[in-house]
Amino acid sequence: MRIVLLGAPGSGKGTQAKKLSAEGNIPHVSTGDMLREAVAKGTRFGQKAKAIMDSGDLVSDDVMLGIISERLSQPDAADGFILDGFPRTRQQAIDLEELLDTLGVPLDAAVLMDVEFDILMKRLTGRRTCSKTGKLLNVYFSPNDEIDAVIAAGGELIQREDDNEETIRNRLDVYREQTEPVVEFYRKRNRLTVVDADGSVDDVHARLAAALP
Ligand code: AMP
């Protein structure tokens with residue numbers, strides 16, 4: 001299965017991609033995670049990327065095409081992948097189409113995870129990651145016992161640097177201006193499936209699984 005998960009920051013793409021990936025044994029390709037790894041390594045590229053990510057802007061299409069071509073050419077992606085966070089601009093969607101043509105593999109679906117603006121804000125401002133296990137939690141939505149269990153096990157609730165309110169507003173603006181055209185790109189090609197992504201992780205997962213080809 002080769003799918004693209006589309007949706008605003010906070011729509012749950014990462015959470016759902018991880019679940020689909022674990023269930024279907026398909027690689028989860030998150031460009032945000034790949035960039036954060038580069039930042040953590042402290043390379044020169046990582047330092048440049050960090051400044052862009054901290055402001056909520058986008059890394060250039062050329063750089064992203066290089067990263068994604070290399071990743072999708074790896075043997076583990078030969079039979080399928082779940083793309084999370086790419087494409088994010090119309091140019092990236094065109095680049096992906098050409099790349100998949102070159103690799104001789106079709107895209108099965110582009111799925112839009114649809115969530116209202118107010119919910120996105122709460123999901124993003126409340127989002128935390130357990131420092132020990134990487135588990136994603138939300139201070140507004142996660143059950144208290146889950147949060148207590150992380151703290152009892154000695155984990156810290158870490159907030160992503162780009163999850164502060166100012167950066168979040170810019171990321172949502174960037175989404176509207178640059179990524180919504182990607183939704184139209186797939187709609188015009190009759191490739192788009194829209195999933196209501198409001199609700200619990202399990203409910204959204206059930207809807208998503210039912211919508212996939
Ligand atoms: P994410 O974890 O998907 O929300 O990505 C975090 C940040 O990484 C974004 O706000 C961008 O600065 C950068 N980024 C991730 N994917 C892309 C992409 N496909 N194109 C450009 N920038 C990206």
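**Group meeting: the ligand site, two sheets and a core**

Okay, let's start at the ligand: 16 residues surround it, and Thr-31, Arg-36, Asp-57, Gly-85 and Gln-92 come nearest. Near here means that one of a residue's heavy atoms lies within 4 Å of the molecule. Before I go on, the small print. This is a predicted model, where local features need pLDDT of at least 70 and side-chain atom pairs count only at pLDDT 80 or more, while totals for chains, interfaces and linings use all residues. Residues are numbered from 1 along each chain as its sequence is written, and side-chain values use heavy atoms, with hydrogens and water left out.

Back to the ligand, and to its oxygen atoms. A polar side-chain atom of Arg-36 sits 2.9 Å from a ligand oxygen. For Arg-88, a polar side-chain atom is 3.0 Å from an oxygen atom of the ligand. Then there's Arg-160, with a side-chain N or O atom 3.3 Å from an oxygen atom of the ligand.

Arg-160 has a protein partner too: its side chain makes a 2.9 Å polar contact with that of Asp-162. By polar contact I mean a pair of N or O atoms within 3.5 Å; within protein, one must be able to donate a hydrogen and the other to accept it, and residues adjacent in sequence count only if both atoms are side-chain atoms.

So where is Asp-162? You'll find Asp-162 in the loop between E7 and H8. These labels are DSSP runs, numbered from the N terminus: helices are H or I with at least four residues, strands are E with at least two. Is Asp-162 buried or exposed? Asp-162 counts as buried because its relative accessible area is 9%; the cut-offs are under 20% for buried, over 50% for exposed and partly exposed in between, using a 1.4 Å probe and protein chains only. Leaving aside neighbours within four places in sequence, Asp-162 is in contact with Met-53, Thr-167, Ile-168 and Arg-171, where contact means heavy atoms within 4.5 Å.

Now the sheets. An open one has five strands in the order E2-E3-E1-E4-E8, paired parallel. Its edges are strand E2 (28-30) and strand E8 (192-196), each pairing on one side only. From one strand to the next, the twist averages 25°. Two strands pair if DSSP finds at least two bridges between them. For example, strand E1 (residues 2-6) and strand E3 (residues 81-84) are parallel and share four bridges, with Val-4 opposite Leu-83 in E3.

What packs on this sheet? Helix H9 (residues 201-211) does, touching E1, strand E4 (109-114) and E8, and its direction makes about 160° with that of E8. Helix H2 (residues 31-41) lies across E2 and E3, at about 65° to E2. Axes are lines fitted to C-alpha atoms, for helices over the stretch in contact, and angles run from 0 to 180 degrees between N-to-C directions.

In the segment after H9 comes Leu-212. At 13% relative accessibility, Leu-212 is buried. Outside its neighbours within four places in sequence, Leu-212 is in contact with Met-1, Ile-3, Leu-20 and Val-111.

There's another open sheet, with three strands in the order E6-E5-E7 and antiparallel pairing. E6 and E7 are the edge strands, each pairing on one side only. Helix H7 (residues 144-152) packs on this sheet, touching E5, E6 and E7, at about 125° to the direction of E6. Strand E5 (residues 127-130) and strand E6 (residues 136-138) pair over three bridges, with Thr-129 partnered by Leu-136 and Arg-128 opposite Leu-137. The two form a hairpin with five residues between them, and Gly-134 in the turn has a positive phi of about 80°. On the other side, two bridges join E5 to strand E7 (residues 157-158), and Cys-130 has Leu-157 as its bridge partner.

Last stop, the largest nonpolar core. Of its 51 residues, Leu-6, Leu-72, Leu-83 and Tyr-186 touch the most other members. Helix H8 (residues 165-188) provides the largest share of this core, seven residues. A nonpolar core is a set of buried Ala, Val, Leu, Ile, Met, Phe, Trp, Tyr and Cys residues joined through side-chain atoms within 4.5 Å. Not counting residues up to four places away in sequence, Leu-6 touches a list of residues including Pro-87, Val-111, Val-182, Tyr-186 and Leu-192.
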